[in-house]
Amino acid sequence: MNYAIPKGTYDILPGHLLRDDPWKASEKWQYLEKVIRNLCRDYGYLEIRTPIFERTDLFVRGVGDATDVVSKEMYNFQDKGKRQMTLRPEGTAPVMRSIAEKHLDQIDSHVKLFYIGPYFRYDRPQAGRYRQFHQFGIEALGESSSELDLEVIDLLYTLYQRLGLKNLKVLLNTVGNASSREKYKTALKTYLTPHFDQLSEDSKTRFTQNPLRILDSKNAKDQEILSNAPSVHDFLDEESKEHFENVTRYLQKQKIPYEITPKLVRGLDYYNKTVFEITSDVLGAQNTIGGGGRFDGLLKNLGGTDLPAIGFATGMERILQTMIGQDCPFPKPNAPFVFIIPLGESPKELCVDLTYNLRHMGIPTHLYLRGKKINKALSQAEASRATFALIIGEDELKNGMAQLKEMQTRNTTTFSLSTLSQEIEKLWSKR
Ligand code: HAM
């Protein structure tokens with residue numbers, strides 16, 4: 001019997017218990033989540049939590065059956081009622097399902113939601129790609145004008161700024177509205193037809209199913225063939241062109257540096273007009289830290305109102321890996337305020353009482369129960385980065401007094417045992 005963790009997954013643990021990658025430290029995840037929640041508050045996004053599994057059809061229809069995510073990477077299973085279910089591979093389709101199902105747009109036609117949680121894709125495990133990974137994403141509905149594109153891109157860029165990430169690239173493109181995209185698809189296929197036999201197997205399949213995705217190919221020969229291919233920008237109608245120009249103008253005004261990347265189409269079928277990705281210089285082959293775009297027809301496609309929408313998702317593993325790779329600051333992990341050391345059996349009871357007193361007042365308190373070697377106990381207090389250590393032995397019990405030692409300065413103050421809780425509370429509220 002082998003109880004090893006499934007391939008492509010990992011545990012998130014308190015930092016001091018980790019034996020490998022520091023980005024798996026739970027205190028770092030908590031910090032990231034806190035920064036995200038504050039950011040969403042600043043931009044007016046509220047949280048949605050959808051189930052971890054949905055009906056398979058939702059992703060087939062919402063994300064597109066020709067995409068890699070749906071055709072190769074989904075965790076599908078049949079439940080006991082013989083329904084086909086899927087562990088969610090992404091968050092946009094479930095959020096749209098929720099909005100359509102509950103008619104949330106009738107309550108608020110400008111719904112702005114964010115989500116944080118685990119997602120599942122069955123892919124070859126490799127650096128930066130996990131079978132269970134975590135995304136922070138947002139979806140904003142109800143506004144077709146470019147101001148909303150700016151808001152969404154700026155929110156993602158601001159998150160990375162607040163976390164201290166450097167050397168990011170914002171790759172920006174438009175895939176046009178449906179009619180310009182159709183014209184472009186035809187032109188691209190006409191261009192590729194004489195080269196069809198030289199295309200990679202993946203690109204041959206995409207040729208009929210989704211020719212735009214050939215632009216994304218990592219195959220060198222495909223890219224060589226594509227070097228003279230027509231650009232989507234030559235097929236944009238006035239509306240799509242104007243929209244894209246407005247987005248770029250707004251980004252310039254907000255000083256968000258971007259690179260127009262005409263071959264960027266993204267891997268999911270629901271996009272139209274603006275698409276974007278942000279890459280990091282420390283992630284290696286899987287260097288996309290976040291990406292998104294407009295998906296104006298998706299809500300209608302899933303049975304809801306015809307509302308324009310835009311959003312993104314960013315991989316939380318990749319954010320933390322970039323932060324560590326770039327030496328970004330993290331707050332210090334939580335530490336006890338008081339580290340209580342009973343010396344021997346008789347002071348134990350009083351120490352237990354004091355510990356619970358303090359904890360019930362909301363003061364982080366650690367009770368040391370590993371013997372009476374003072375030096376060992378104090379070095380544990382030091383390692384825990386406690387603010388104060390309190391040693392209570394037979395003498396302290398007899399005198400009714402104890403010394404509180406400030407760990408950093410080594411200064412000690414003597415307090416009566418009867419007022420110790422109140423004195424510590426005063427220190428806690430002044431900290
Ligand atoms: P996506 O590009 O498929 O977009 O994923 C977004 C981010 O999730 C990626 O940039 C990457 O950081 C992370 N990610 C994806 N797959 C993995 C994996 N196997 N392991 C680790 N990280 C991964 C979406 O999911 C869209 N729903 C984004 C969106 C929202 N578009 C509009 N609204």
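A salt bridge here is a side-chain nitrogen of Lys or Arg within 4 Å of a carboxyl oxygen of Asp or Glu. By that yardstick, Glu-423 and Lys-426 make the cut in this predicted model, with their closest N and O atoms 3.7 Å apart. The two sit three residues apart in helix α16 (residues 420-430), so about one helical turn separates them. Neither side is tucked away: Glu-423 is partly exposed, at a relative accessible area of 21%, and Lys-426 is likewise partly exposed, at 47%.

That pair is part of a longer list, since a search of the whole structure turns up 26 salt bridges. Side chains of opposite charge can pair when their charged atoms come close. Another pairing within a helix is found in α3 (residues 68-72), where Asp-68 and Lys-72 lie four residues apart, about one turn of the helix. Their closest N and O atoms are 3.5 Å apart, which makes a salt bridge. Lys-72 is partly exposed, with a relative accessible area of 47%.

Asp-68 has a second partner as well. Its side chain meets that of Arg-206 in a salt bridge, at 3.1 Å from N to O. This one ties together distant parts of the chain, as Asp-68 belongs to helix α3 and Arg-206 to helix α8 (residues 201-209), 138 residues apart. Both Asp-68 and Arg-206 are buried. The story then widens into a network of salt bridges that links Asp-68, Lys-72 and Arg-206 with Asp-202, Arg-213 and Asp-216.

Another acidic residue, Asp-123, turns up in the loop between β5 and β6. With a relative accessibility of 18%, Asp-123 counts as buried, because the cut-off for that label is under 20%. Setting aside neighbours within four places in sequence, Asp-123 is in contact with Glu-73, Arg-129 and Arg-131.

Turning to helix packing, the axes of α1 (residues 26-43) and α6 (residues 146-163) come within 10 Å and cross at roughly 140 degrees. That makes α1 oblique to α6, since only angles over 145 degrees would count as roughly antiparallel. The crossing of the two helices is right-handed. On the α1 side, the contact is made by Tyr-31, Leu-32, Val-35, Ile-36, Asn-38, Leu-39, Asp-42 and Tyr-43. Facing them from α6 are Glu-151, Asp-154, Leu-155, Thr-158, Leu-159, Arg-162 and Leu-163. Sorted by character, the residues of this contact come out as nine nonpolar, two polar and four charged.

Both of these helices show up again around α12 (residues 316-325). Helix α12 is mostly covered, with eight of its 10 residues buried. Those buried residues run from Met-316 through Glu-317, Arg-318, Ile-319, Leu-320, Gln-321 and Thr-322 to Met-323. What do the buried residues of α12 pack against? Their surroundings mix helices and strands: α1 and α6 are there, along with β5 (112-120), β6 (132-141), β10 (288-294) and β11 (309-315). Strands β5 and β6, which take part in this packing, are also the ones on either side of the loop that holds Asp-123. Just after α12, Asp-327 takes a positive phi of about 60 degrees.

Terms used
Residues numbered from 1 in each chain as written. Predicted model: local features only at pLDDT ≥ 70, side-chain atom pairs only at ≥ 80, totals over all residues. Heavy atoms only, no water. Axes fitted to C-alpha atoms, helices over the stretch in contact; angles between N-to-C directions. Parallel < 35°, antiparallel > 145°, perpendicular 65-115°, else oblique. Left-handed = near helix turned anticlockwise from the far one by under 90°. Contact = heavy atoms within 4.5 Å. Nonpolar A, V, L, I, M, F, W, Y, C, P; charged D, E, K, R; others polar. Buried < 20%, exposed > 50% of the residue type's maximum accessible area, 1.4 Å probe, protein only.
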